[in-house]
Every structure is written in structure tokens, then in C-alpha cells.
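This report describes one protein model for a reader who is new to protein structure. Please keep the sequence and the structure in view while reading.

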Amino acid sequence: MTIQSTGYNSTNTNRAGMGTGTVLASSTLNGENVRNAAGEDLGEIKDLMVDTANGTVQYAVLSFGGWLGMGDKLFAVPWNAMRLDTENHCLVLDVSKDRLKDAPGFDKDNWPDFADTTFTNRISNYYH
């Protein structure tokens, strides 16, 4: 996936896909809409999980299913399972809403241990 840069200290208020290059401020992605290939709304990015050993984004934390922040379910989605749609200013995850509803998720007050390979393998197998 190639992600466009926002540009350091940019005054441009556009979100996904601003600027040039392959580096993007993580704050640009927080709150970014996620849709599936059919154009259905799947929620929004709440956070990014970074592997501090190699400096890469491993997961996007997707919020789905709530209303005004209430009742949301969170999902760790492998970063490489999504792509940036610069034309529509969103991220695309190629899963149906029903499949996402059945995905392994977690509550905002009870985050999983991302160092647990049982959890991460389960997530990876679900989306790939």
C-alpha cells in the first residue's frame, strides 16, 4: 500500500492522501472512515498499533457498530488488509458488514495483548 504524505506542518486540511511521498502522519488516519469494496460504511479508525521493534504499523483499530461512541466494538485489523482510497478519502477493507460483525473484537475498556501470538494469529487468519 502506498500512502501519501500530509507534509510536516502542512496547513492543508484535507485528510487521507494529501501531499506526496510514502509517509503519513498517524493523526491523519485517526478518525478516518473505513468502507468496504461495496462502499458500505464499516466505521472509523480509532488508533494504530505500531511494532516498536521494526517501526511498522501492524494493526489499525477500527470502531464499528455503535452510535455516538456508545456500544462500539473495536477490531484489530491487519494494516496490510486495508488500502487507501485517495479519491474517496477513506480506507478500504474488503469484508462485508456481516463478516466484520463476526470478527474477533474487543471492548474499549478491555484491550487484548497484542504480544500474544494466539490473538495475533487469529486476527491474521480471519482477514487473510
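## A buried threonine and its surroundings

Thr120 has a relative accessible area of 12%, so Thr120 counts as buried, the limit being under 20%. The model discussed here is a predicted one. Thr120 belongs to helix α3, which covers residues 117-127. Leaving aside residues up to four places away in sequence, Thr120 is in contact with Tyr59 and Phe114.

## The chain as a whole

The protein chain contains three helices and six strands. Their order along the sequence is α-β-β-β-β-β-β-α-α. Of the 128 residues in the protein chain, 37% are buried. The chain exposes about 7600 Å², and carbon and sulfur atoms supply 45% of that area. When contacts between residues at least 6 apart in sequence are considered, 42% of them join residues at least 24 apart.

## Aromatic rings

How many aromatic pairs does the structure hold? There are seven aromatic pairs. Two of them are set out in the table below.

| Pair | Distance between ring centres | Angle between planes |
|---|---|---|
| Phe64 and Phe75 | 6.2 Å | 55° |
| Trp111 and Phe114 | 6.5 Å | 55° |

Why is the pair of Phe64 and Phe75 described as tilted? The planes of Phe64 and Phe75 stand at 55°, and an angle that is neither under 30 degrees nor over 60 counts as tilted, so the pair receives that name. This pair links distant parts of the chain, since Phe64 lies in strand β3 (residues 56-64) and Phe75 in strand β4 (residues 73-78), eleven residues apart. Both Phe64 and Phe75 are buried.

The pair of Trp111 and Phe114 is likewise tilted. Trp111 has a relative accessible area of 34%, which means that Trp111 is partly exposed, a class that lies between 20% and 50%. Trp111 and Phe114 also belong to a cluster in which ring pairs link them with Tyr59, Phe106 and Phe119. Tyr59 and Phe114, members of this cluster, are the residues named above as contacts of Thr120.

A further ring, that of Tyr126, has a charged group over it: the charged end of Arg99 sits 3.8 Å from the ring centre.

## Strand β6 and its partners

In a regular strand, side chains alternate between the two faces of the sheet. Strand β6 (residues 90-93) is covered on both faces. Cys90 and Val92 are buried on one side, and Leu91 and Leu93 are buried on the other.

Which strand pairs with β6 in the parallel sense? Strand β1 (residues 33-35) does so, over two bridges. Arg35 stands opposite Val92 of β6. Strand β5 (residues 82-85), by contrast, runs antiparallel to β6 and is joined to β6 by four bridges. Here Asp85 stands opposite Cys90. The hairpin of β5 and β6 has four residues between the strands, and His89 takes a positive phi near 50° in this hairpin.

## Confidence in the prediction

The average pLDDT of the protein chain is 82, and 78% of the residues score at least 70. Among the elements, β1 has the highest mean pLDDT (96), whereas helix α1 (residues 26-29) has the lowest (85). Over residues 1-20 the pLDDT stays under 50, although the model has 47 contacts beyond four places in sequence for these residues. Where pLDDT is low, predicted coordinates should not be read in detail.

Conventions. Residues are numbered from 1 along each chain as its sequence is written. This is a predicted model: local features need pLDDT of at least 70, side-chain atom pairs count only at pLDDT 80 or more; totals for chains, interfaces and linings use all residues. Side-chain values use heavy atoms; hydrogens and water are left out. Buried means under 20% relative accessible area, exposed over 50%, partly exposed in between (1.4 Å probe, protein chains only). Contact means heavy atoms within 4.5 Å. Accessible areas come from the Shrake-Rupley method with a 1.4 Å probe; for residues, only the protein chains shown count as cover. Rings of Phe, Tyr and Trp (its six-membered ring) pair if their centres lie within 6.5 Å; planes under 30 degrees apart count as stacked, over 60 as edge-to-face and the rest as tilted. A charge sits over a ring if NZ of Lys or CZ of Arg is within 6 Å of the ring centre and within 35 degrees of the ring normal. Two strands pair if DSSP finds at least two bridges between them. pLDDT is the predictor's confidence in each residue, from 0 to 100.
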